[in-house]
Amino acid sequence: MAIPKTSKIKPKSRSPIFLLTAAISSIAILYLCSSLISTTGSNTLQIPISRFIDNTKSLHRTDTEKFLYWGNRIDCPGKHCESCEGLGHQESSLRCALEEAIFLHRTFVMPSRMCINPIHNNKGILHHSDNVTSEERWAASSCAMDTLYDLDLISNTVPVILDNSKTYFQVMSTSMKLGSRGVAHVEGVTRFDLKERNHFSKILLINRTANPLSWFMECKDRKNHTSLLLPHSFLPSMASKRLRDAAHKIMALLGDYDAIHVRRGDILKTRKDRFGVERTLHPNLDRDTRPQFILCRIRKWVPQGRMLFIASNEKTPNFFSPLSVRYKVAYSSNYSKILDPIVENNYQLFMIERLILAGAKTYIKTYKETDSDLSLTDDPKKNTKTWQIPVYTKEGC
């Protein structure tokens, strides 16, 4: 197609003041652009005041900032690329990556989406219809990371950007101009080597291939307390503002309350041994999380008549109704007017429930995680790999 000719217009004369103002403005714009893409060999990390969350929000970044990338999906590359673990599993891996970013004084490039295990997403459209588009399937099987977490809040502890942000695209563009100082693809290198070797300290972007089993395997040595840079409660407390606001509204309605988290569902799985006897990895859990045994267990911690909030993955209707003989029982489903406009998947629902659980006067967990925790069962949380015969009786209850 021919480009149409335009009539030539004689430019008007400009005053010296106008020309000077235009020149200063041009220089300022050039300086701002150069500050966004320039890099140096220094490994000093400056935490920016504001962070880029969506693709339209502007921010100022420092020219000494360096970055750490583990992959575009949690636990991928690795054996979980084609599968999807639960929220707790993925948070363990994400927390490990964030700890390494802190250790290396680098900004973490966070995956922009988190996959959702179908077992934990009964709100997803995949459970309602098979006649859906690929885009709808992906929307139902994953969610935007910033709908789960407050990236600004996380960045107060460890700076993060999303892998679909303009900032990351700028980082990639700059890395191609830096040659050998642009990107280092590393595999089988410890975080201590990444920190101590001078070569890595000069690299703008470290492209990390984590343990192929799971990201959190890089932090498996939990007995080495010097490697524990973030507590287990860190990510649960970093919920997005919308989720935090919903939790606070429900907590205000609950008033003075206690809470229990009752994990059942998939963790109660059993299998038969060669003699046909049912066995399980948690022999007392099924018993200890039934209403009559819960009543017996929590009696010494929760006085009669108290408001008791229950969070559970038990799907049997009215399963916990027997608890109402002693307590005023409440569930998240009682607050659908608050939750329905906000919650799109069960990960978001569980993040809200975790905030409510943490805000209770007395919080009783399913498993004891620390010595000071109150728990419904004495079974260990960690998988012992020993299949035992389930126990359904208990003296005194």
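This is a short talk on a predicted model of one protein chain, going from confidence to strands, a helix and a surface patch.

Hi everyone, thanks for coming. Let me begin with how far we can trust the coordinates. Remember that this is a predicted model. The mean pLDDT of the protein chain is 82, and 77% of the residues reach 70 or more. Two stretches need care. Over residues 1–60, pLDDT stays under 50, and the model has 73 contacts beyond four places in sequence for that stretch. Residues 124–129 also stay under 50, with 13 such contacts. Where pLDDT is low, the predicted coordinates should not be read in detail. If you plan to look at those segments on screen, please keep that in mind.

Now the overall picture. The protein chain has 397 residues, and 43% of them count as buried. Its secondary structure comprises twelve helices and 14 strands. For those of you who like contact maps: among contacts with a separation of 6 or more, 73% come from residues 24 or more positions apart. On the outside, the chain exposes about 22,200 Å², and carbon and sulfur atoms supply 57% of that area.

Let's move to the sheet I would like you to look at. Five strands form an open sheet in the order β12-β11-β8-β13-β14, with parallel pairing. Its edge strands are β12, residues 328–330, and β14, each pairing on one side only.

So who sits beside β8, residues 257–262? One partner is β11, residues 307–312, which pairs with β8 in the parallel sense over six bridges. Another is β13, residues 363–365, which runs parallel to β8 and is joined to it by two bridges. I260 is a nice residue to click on: its bridge partner in β11 is I310, and its bridge partner in β13 is I364. Elsewhere on β8, D258 stands opposite L308 in β11.

Is β8 buried or exposed? Six of its six residues are buried. Y257, A259 and H261 point one way from the strand, while D258, I260 and V262 point the other way.

What packs around this region? Have a look at helix α10, residues 291–298. Six of its eight residues are buried, so the helix is largely enclosed by the rest of the structure. The buried ones are P291, F293, I294, L295, R297 and I298. They pack against β8, β11, β13 and β14, and also against α9, residues 285–288.

Let me jump to another part of the chain for a moment. Strand β1, residues 67–69, runs parallel to β2, with three bridges joining the two. F67 has T107 as its bridge partner in β2. Strand β2, residues 107–110, is covered on both faces: T107 and V109 are buried on one side, and F108 and M110 are buried on the other.

Finally, the surface. F275, V277 and I389 make a nonpolar patch of about 300 Å². I389 lies in the segment after β14, residues 374–375. Why does I389 count as partly exposed? Because its relative accessibility is 46%, and partly exposed runs from 20% to 50%.

To wrap up, β8 is the strand to keep in view: all of its residues are buried, and it pairs with β11 and is joined to β13. Thanks for listening, and I'm happy to go back to any of the views.

Note on methods
Residues numbered from 1 in each chain as written. Predicted model: local features only at pLDDT ≥ 70, side-chain atom pairs only at ≥ 80, totals over all residues. Heavy atoms only, no water. pLDDT = per-residue confidence, 0-100. Contact = heavy atoms within 4.5 Å. Patch = residues over 30% accessible without salt bridge, like charges linked within 9 Å, V, L, I, M, F, W, Y side chains within 5 Å. Areas by Shrake-Rupley, 256 points an atom, 1.4 Å probe, with all protein chains shown as cover. Salt bridge = Lys/Arg side-chain N within 4 Å of Asp/Glu carboxyl O. Helix = DSSP H or I, 4+ residues; strand = E, 2+ residues; numbered from the N terminus. Buried < 20%, exposed > 50% of the residue type's maximum accessible area, 1.4 Å probe, protein only. Pairing = 2+ DSSP bridges.
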